[in-house]
Amino acid sequence: TFGWVKFLAPEDARLVWTRAEGTPWKAICWRFGIARATADRRWRYGLAVICLRLNGRTVPMKRSQDFVIERASRQSRTNAQ
């Protein structure tokens, strides 16, 4: 899993790794200086990027974070069926 965070921007990689360590959201928000909703969105985006890259997909760079999250979610639902 250490190699997976290389798919992310350094700040997003730190956020995803911090959450993986079990750090509470409140502490993450304080550490990164962001709101809870922003922290959650960046965390979900980081996981979506990792999911897409592990499945050999490209991450659309000119699309919104929400679009990337939804694309990864659709792909994982399709793969589960």
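The legends below accompany close-up views of a predicted model.

This is a predicted model in which local features need pLDDT of at least 70 and side-chain atom pairs count only at pLDDT 80 or more, while totals for chains, interfaces and linings use all residues. Residues are numbered from 1 along each chain as its sequence is written, and side-chain values use heavy atoms, with hydrogens and water left out.

**View 1. Helix α1 packs against helix α3.** Helix α1 (residues 10–20) and helix α3 (residues 36–54) are DSSP runs of H or I with at least four residues, numbered from the N terminus. Their axes, which are lines fitted to C-alpha atoms over the stretch in contact, lie 9 Å apart at an angle of about 95°, on a scale that runs from 0 to 180 degrees between N-to-C directions. The two helices are therefore roughly perpendicular, a term for angles of 65 to 115 degrees.

**View 2. Residues of α1 meet residues of α3.** Contact here means heavy atoms within 4.5 Å, and on the α1 side it involves Glu11, Asp12, Leu15, Val16 and Arg19, which meet Ala39, Arg42, Trp43, Tyr45, Gly46 and Leu47 of α3.

**View 3. Helix α3 along its length and just beyond.** The 19 residues of α3 reach 27 Å from the first C-alpha to the last, close to the 27 Å expected at 1.5 Å a residue, where the expected span is 1.5 Å times one less than the number of residues. Just after α3, Gly56 takes a positive phi of about 75°.

Key:
Parallel < 35°, antiparallel > 145°, perpendicular 65-115°, else oblique.
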